[in-house]
Amino acid sequence: MGKVAVAFAAAAVVAACSVAAVMVGRRMKSRRKWRTVVEILKELEDACDTPVGRLRQVVDAMAVEMHAGLASEGGSKLKMLLTFVDDLPKGTEKGTYYALHLGGTYFRILRVHLGGQRSYLDVQDVERHPIPSHLMNSTSEVLFNFLAFSLERFIEKEGNGSNSQGVKRELAFTFSFPVKHTSISSGVLIKWTKGFEISEMVGKDIAECLQGALNRRGLDMHVAALVNDTVGALSLGYYHDPDTVVAVVFGTGSNACYLERTDAIIKCQGLLTTSGSMVVNMEWGNFWSSHLPRTSYDIDLDAESSNSNDMGFEKMIAGMYLGDIVRRVILRMSQESDIFGPSSSLLSEPYVLRTNSVSAMHEDDTPELQEVARILKDLGVSDVPLKVRKLVVKVCDVVTRRAGRLAAAGIAGILKKIGRDGSGGITSGRSRNEVLMQKRTVVAVEGGLYMNYTMFREYMEEALVEILGEEVSQYVVVKAMEDGSSIGSALLVASLQS
Ligand code: BGC
């Protein structure tokens, strides 16, 4: 071989070696980045871990806080609000009633006709619209004028048919925010949640505001009850099945109510009701316990929210927030590695990833996870390999599993407080094995997160059995109540009239 050829060969070897070195270097770098991402996932899994022992601590804390909230005003983060609902609809109600429901994301209007027997419940018309976002931080006048206008249009559509005798229409106002009631049909807003921020409304009587707006429009309607959405769901549950004593909403926000003995509501001594009980709106979104598995993502989400240091439990379990927790994890992964390609500014935008997208990704059953790819593309992240898409699904799973399991612990806490968890409540000192004679207990559940996100529902129901044990679980029935909050509120108004 001549000198030139040797030089060529040597140069080729050097070139090949450096290409290989670059490739090895790149591979090592990409492996390191992948390892970083896997560590972030692992850290998330550990921080969100909810073994049954921890869930039982949450159960106990919930029951203890319920007692404290009933004992004195401000005695707990759980407000345990009186609703003045002491009689729930029985199924014998008659007539035509209306409900207007201001939820977290949607408002609904509906009309029900009741024929005097359970089976004669006819939900005649349901309108469901997204709440225009500008209303959430407008003024009370703008909000209530909008609601009155929507009701007017609803009524115009029904013609004369439903109101042929010219009687005043009786309306339930389902208002999914914390209210301090002075009667079943009046109460003042305590605070906003779920991103609403109309500060001048805090302290105002909500039913009065709506009635005023209806009067201004000349609508012949009477706001006969102001009802929390959980109480509406309980009413519908009870109407169909009198063993229903607890209702929970898992929607944009989350909350629970239940039927409590009046003598257990110590902060209102002398409270008398004909039934000897009253529905208590727990406002459990504000529940807090050091046993809740909190991550740095929860802390940041809370700090950047419009109601920081508030609604800590809701921020871990409700539909408004799950998407944003997932987004925060993905954002961190994309910042600390390049597995999502060039960084997308969209990913930094709070609440851009909605929980319905999380559910669509989590439940994507296409072999190539095309739905995950599509949603990531909408977030400005294109062409991610399958293994990264799988990682995103895993993040959704961890966040939703924690939410479902904590939700179950919340429900079990209520069951414990009312002595339906088989342990005899928090004061009995019975051992867990000493199962009391169980009464059948129905828990009515409503809300988009529960209705539409199968994995959330499954995790919740599975954890409830895990906490209560197979034997007690047989007596606890979880029943979905589609549109229960609005329909049930209308039923409540009907029961007031009969
Ligand atoms: C509100 C509750 C409501 C729940 C579910 C929470 O943010 O404070 O009043 O019941 O959301 O809609």
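Me: How many strands form the open sheet, and in what order?
Reply: This is a predicted model. In it, 6 strands make up an open sheet, ordered S1-S11-S10-S9-S12-S13.

Me: And the pairing in that sheet: parallel, antiparallel or mixed?
Reply: The pairing is mixed.

Me: Which are the edge strands?
Reply: S1, residues 81–82, and S13, residues 476–480. Each of them pairs on one side only.

Me: What about S10 and S11, which sense do they pair in?
Reply: Antiparallel, over 5 bridges. S10 covers residues 254–261 and S11 covers residues 277–281.

Me: Which residue in S11 stands opposite Cys257?
Reply: Asn281 stands opposite Cys257.

Me: Moving on to S2. How does it pair with S3?
Reply: S2 (residues 94–102) and S3 (residues 106–115) are antiparallel partners, with 9 bridges between them. The connection from S2 to S3 is a hairpin of 3 residues.

Me: What does Gly95 stand opposite there?
Reply: Leu114, in S3.

Me: And S2 with S5, parallel or antiparallel?
Reply: Parallel, over 5 bridges, where S5 is residues 169–175. Within S5, Ala172 is the bridge partner of Ala99. So S2 has two partners to keep in mind here: S3 in the antiparallel sense and S5 in the parallel sense.

Me: Changing topic: where does the ligand sit?
Reply: In the largest cavity.

Me: Which residues come nearest to the ligand?
Reply: There are 14 residues around the ligand, and Thr193, Asn228, Asp229, Glu283 and Glu314 come nearest.

Me: How does that shell divide into nonpolar, polar and charged?
Reply: The shell has 4 nonpolar residues, 6 polar ones and 4 charged ones.

Me: How far is the side chain of Asp229 from an oxygen atom of the ligand?
Reply: An N or O atom of the Asp229 side chain is 2.5 Å from a ligand oxygen.

Me: Same question for Glu283. What distance there?
Reply: 2.6 Å, between an N or O atom in the Glu283 side chain and an oxygen atom of the ligand.

Me: And Phe177, what part of it lies 3.4 Å from the ligand oxygen?
Reply: A backbone N or O atom of Phe177 lies at that distance, 3.4 Å, from an oxygen atom of the ligand.

Me: How much of the ligand's accessible area does the protein cover?
Reply: On its own the ligand has 310 Å² of accessible area, and the protein covers 98% of that.

Definitions and conventions
Residues numbered from 1 in each chain as written. Predicted model: local features only at pLDDT ≥ 70, side-chain atom pairs only at ≥ 80, totals over all residues. Heavy atoms only, no water. Near = heavy atom within 4 Å. Polar contact = N/O pair within 3.5 Å; in protein donor to acceptor, adjacent residues only side chain to side chain. Areas by Shrake-Rupley, 256 points an atom, 1.4 Å probe, with all protein chains shown as cover. 1 Å grid on protein atoms, 1.4 Å probe; cavity = no way out; pocket = protein on both sides within 12 Å on 5 of 7 lines; lining within 4 Å. Sits in = over half its atoms within 2 Å of the grid points. Nonpolar A, V, L, I, M, F, W, Y, C, P; charged D, E, K, R; others polar. Pairing = 2+ DSSP bridges. Helix = DSSP H or I, 4+ residues; strand = E, 2+ residues; numbered from the N terminus.
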